[in-house]
Amino acid sequence: MSTTRIAFIGAGNMAASLIGGLRAQGVPASHIRASDPGAEQRAKVAAEHGIEVVESNAEAVRDADVVVLATKPQVMKAVCEALAPSLSAGQLIVSIAAGIPCASLARWLGVDAIVRCMPNTPALLGEGASGLYATAAVSAEQRQQAEQLLNAVGIALWLDEEKQIDAVTAVSGSGPAYFFLLMEAMTAAGEKLGLSPDVAARLTLQTALGAARMAVASDVGPAELRRRVTSPNGTTEAAIKSFQGNAFESLVEQALQAADQRSAELAEQLGQ
């Protein structure tokens, strides 16, 4: 990856996190260029990461091996159509914009080698989870380039079909908000049980962090970890029975199905 030249179209938070991850992995600043319409954002990213940040998208993609599309989905069509004349044969397009299908990107850009990604916000802390889908025109070397790019801020997993991006959106793309909601609810419940807001919040957040780390580091799945901490007739079992008695698993399934369906709807709308 250290010899790959990468251009970012858009230098917002997600792009900046990827740039930071690449720099931390040893990619030279001279091999990364970004563009952004905002002068303040250009100055901020240039100062933080030591890379060249320009206003012109056409200038940003000059000599790039990989072009990362990191603009808002609502403006992607206009950005792509304006960028198309500046692209060169052999360049890989990597889109981290939500909801834009590969076919739409190919039509707007006039290229076929496209990798579509669905990262999530923990990538800002280097703890992201991304699903990747590559079109048939993407070479093995280009797949490796895309994977290394997203691995710079977490884990990157390949998908067999583009429609699975909707499921990735439902599970990990939107997933952090589900855990935040649970944290909110646990904190509020802790307060009602008599804890101060600060104590309830700190206990909840540290418990979430510890549980996640245990699950990642364990050689068994979450179901077994849950069983190991659920003593018969104990406090944990009482809480778990309450969750399950109120159809917790079914509620989660319905929520993810709703997110999956909405992701598909947005892709159809934004890809016009």
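This briefing walks through a nonpolar core, one buried alanine and a pocket. The structure is a predicted model, in which local features need pLDDT of at least 70, side-chain atom pairs count only at pLDDT 80 or more, and totals for chains, interfaces and linings use all residues. Residues are numbered from 1 along each chain as its sequence is written, and side-chain values use heavy atoms, with hydrogens and water left out.

**The nonpolar cores**

- The largest nonpolar core (buried Ala, Val, Leu, Ile, Met, Phe, Trp, Tyr and Cys residues joined through side-chain atoms within 4.5 Å) has 34 residues, and Phe8, Val94 and Val115 touch the most other members.
- Among the elements that each supply at least two residues of this core are β1 (6–9), β5 (92–95) and α6 (140–151); helices (H or I, at least four residues) and strands (E, at least two) are DSSP runs, numbered from the N terminus.
- The biggest contribution to this core, 5 residues, comes from α1.

**Alanine 64**

- You will find alanine 64 in the loop between α3 (57–60) and β4.
- Alanine 64 counts as buried because its relative accessibility is 8%, where buried means under 20% relative accessible area, exposed over 50% and partly exposed in between (1.4 Å probe, protein chains only).
- Leaving aside neighbours within four places in sequence, alanine 64 is in contact (heavy atoms within 4.5 Å) with Arg5, Ala7 and Gln91.
- Its C-alpha atom is separated by 8.5 Å from that of isoleucine 32, 32 residues apart along the chain.
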